[in-house]
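Work through the exercises below with the sequence and coordinates open. Try each task before reading its solution.

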Amino acid sequence: MSETNQNGAMVKFYRGNNIPLELHKVRVVQKLHLNPIEDRLRALREAGFNSFLLKTKDTFLDMLTDSGCNAMSDRQTAAMMIADDAYAGSQSYDRMEAKVLELFGKQFILPVHQGRAAENIISRAFIQPGDHIPMNYHFTTTKAHIELNGGTIHEIYTDEALKIKSDHPFKGNMDIEKLKTVINEFGAEGIPFIRLEASTNLIGGQPFSMKNMRQVREVANKAGIMIVLDASLIGENAWFIKQRESEYHHKGMGAIIREMSDLSDLVYFSARKLSSSRGGIICTAREDLYDQMRDMVPLFEGFLTYGGMSVREIEAMAVGLEETLDNHMICQSPSFIDYFVRKVDGLGIPVVTPGGALGAHIDAGSFLSHIPQTQYPAGALVSAFYLISGIRGMERGTVSSVRLDDGSDLPADIELMRLAFPRRVFTLSQIEYAIDRLCWLYENRQLVGGLEWEKEPKVLRFFVGRLKPIGDWPERLMAKFRSDFGESL
Ligand SMILES: *Cc1c(COP(=O)(O)O)cnc(C)c1O
């Protein structure tokens, strides 16, 4: 790891580059429980082999998501104590507004209760039925809101984006030629905005480059289309630009974030990822855009100076945004992910490379290549990994997909197990434990079998659907675990 000193030069914290060094200490701790594997199998059965239905009391490391479960700083919790409770005109809101303006340079600011609420308002304000919205990749809630308002999404990622093994530094880039084709096909009048998502969540937290963003801006300017930036993971995208795009090595986080904002007409984010644990923001420098959205905030969220957030959350957000400019605060999660990905890749375990933001993604399709996609290899891997480690990951494969009208499954592009790295939450020894257990599971992967549905909801089936193992593979896997690990947990 390296750091920019006051003169802008890169300095090394230590010799070598293999230890992701935390520049913070832990001052509040929460006890965790690692239950015996027999208890974990019971919990897995109760949860219908769906990690969303597991309880944290049965979970050792909760790597389900980074949303709303990042560690707070001492300054954030301190700020929460001086929150100014008021329905309207709260000083807490003023502090947060000043931070948003400082970071993004956009003076028209709307508060919302979380990221999807911003997407609801933006989609209602700008999308007409029949419209087309090009984007580097979709996020689940974004797609749902756009489609609810009659829009169609077009994902114009580059060929590199879906490759598991790659050393491309910016797999989140938009394909400029494909963007031009989409604009030619539907016309600028049918495209209310181009959406860019920083650190594209669903394809492994992969960033786009500033160069790519400038090219998108150029195309957008020619066509007269505005750019909407989903900045929920902008801290990490800016960090990767600083690390991987040579002309930005010496720039500060603030300058990079501001440049990304300046290239956008409208910026929104979920504060559950970016800065604190709740809330969200929409901001723009264009009053005409602001006017089109403003009246929906009191209607759907709350008054214009709280937008559904508590004043404590607003204070935490203000400090969290400030800390986004601090390399030490931002680099912890991406450098832990990078450490994990490099080690796992070095052990020959199939993992998405290079490491990105928010989590590591194991390629379940090749990890469990003996399980057909119709038996949900990613779901099976998440279940098996929980069973042998107590670590809860998330299925991002065909279980998270949908059924077609003819009743058949729409197979996912890639079968992934995502292990999220909530910011500043885990220690390196816990990450080593995760690697060690994953390695054991890889050696014993032939013991893992597939899953089938027990209760399948019609919409968003991955949230509350229940599955069951095909055969008695969980018992056989547990028996092998006991024979290798003895009485240990
Ligand atoms: C989480 C997320 C959202 C939605 O935000 P919520 O606060 O969960 O509603 C939107 N976009 C991206 C990129 C996200 O990661």
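A residue counts as buried when its relative accessible area is under 20%, and as exposed when that value is over 50%. Keep in mind that this is a predicted model.

**Exercise 1. Overall form**

Task: Decide whether the radius of gyration of the protein agrees with that of a compact globule.

Solution:
- Step 1. Start with the chain length. The protein has 489 residues, and a compact globule of that length would have a radius of gyration near 23 Å.
- Step 2. Compare. The protein has 23 Å, so the value agrees with the globule rule.
- Step 3. Add the dimensions. Along the principal axes, the C-alpha atoms fill a box of roughly 65 × 55 × 45 Å.
- Step 4. Check burial. Of the 489 residues, 59% are buried.
- Step 5. Look at the surface. About 20,300 Å² is exposed, and 51% of it comes from carbon and sulfur atoms.
- Step 6. Look at the contacts. Take those between residues at least 6 apart in sequence: 72% of them join residues at least 24 apart.
- Step 7. Count the secondary structure. The protein holds 19 helices and 14 strands.

**Exercise 2. The ligand shell**

Task: Find which residues surround the ligand, and which helix gives the most to the shell.

Solution:
- Step 1. List the neighbours, taking a heavy atom within 4 Å as the cut-off. The shell has 13 residues, and the closest are Gly-115, Arg-116, Asp-230, Ser-270 and Lys-273.
- Step 2. Sort by class. Six are charged, six are polar and one is nonpolar.
- Step 3. Map them to helices. Both α4 (115-126) and α10 (271-274) supply at least two shell residues. The most come from α4, with three.
- Step 4. Search for polar contacts to ligand oxygen atoms. For Arg-116, a side-chain N or O atom is 2.7 Å from one. Gln-114 places a polar side-chain atom 2.9 Å from a ligand oxygen. Asn-201 also has a polar side-chain atom, 2.9 Å from an oxygen of the ligand.
- Step 5. Compute the cover. The ligand alone exposes 380 Å², and the protein buries 99% of that.

**Exercise 3. Backbone exceptions**

Task: Locate the cis peptide bond and the residues with positive phi, then say whether Leu-358 and Leu-460 are buried or exposed.

Solution:
- Step 1. Recall the background. Most peptide bonds are trans, and most residues other than glycine have a negative phi.
- Step 2. Scan omega. Thr-353 and Pro-354 are joined by a cis peptide bond, with omega about -5°. Pro-354 sits in the loop between α14 (327-346) and β10 (359-363).
- Step 3. Scan phi. Leu-358 has a phi near 60°. Leu-358 belongs to the loop between α14 and β10.
- Step 4. Continue. Leu-460 has a phi of about 40°. Its loop runs between β13 (451-455) and α18 (461-464).
- Step 5. Classify. Leu-358 has a relative accessible area of 0%, so Leu-358 is buried. Leu-460 reaches 54%, so Leu-460 is exposed.

**Exercise 4. A threonine in a loop**

Task: Describe the surroundings of Thr-324.

Solution:
- Step 1. Place the residue. Thr-324 lies in the loop between α13 (311-323) and α14.
- Step 2. Test burial. The relative accessible area is 2%, so Thr-324 is buried.
- Step 3. Check the side chain. From Thr-324, the side chain reaches the backbone oxygen of Gly-320 at 3.0 Å.
- Step 4. List contacts beyond four places in sequence. Thr-324 touches Gly-235, Met-253, Ile-257, Leu-274 and Ile-330.

Notes:
Residues are numbered from 1 along each chain as its sequence is written. This is a predicted model: local features need pLDDT of at least 70, side-chain atom pairs count only at pLDDT 80 or more; totals for chains, interfaces and linings use all residues. Side-chain values use heavy atoms; hydrogens and water are left out. A polar contact is a pair of N or O atoms within 3.5 Å; within protein, one must be able to donate a hydrogen and the other to accept it, and residues adjacent in sequence count only if both atoms are side-chain atoms. Accessible areas come from the Shrake-Rupley method with a 1.4 Å probe; for residues, only the protein chains shown count as cover. Helices (H or I, at least four residues) and strands (E, at least two) are DSSP runs, numbered from the N terminus. Ala, Val, Leu, Ile, Met, Phe, Trp, Tyr, Cys and Pro count as nonpolar, Asp, Glu, Lys and Arg as charged, and the others, Gly among them, as polar. The radius of gyration is taken over C-alpha atoms; the globule rule is 2.2 Å times the number of residues to the power 0.38. Buried means under 20% relative accessible area, exposed over 50%, partly exposed in between (1.4 Å probe, protein chains only). Contact means heavy atoms within 4.5 Å.
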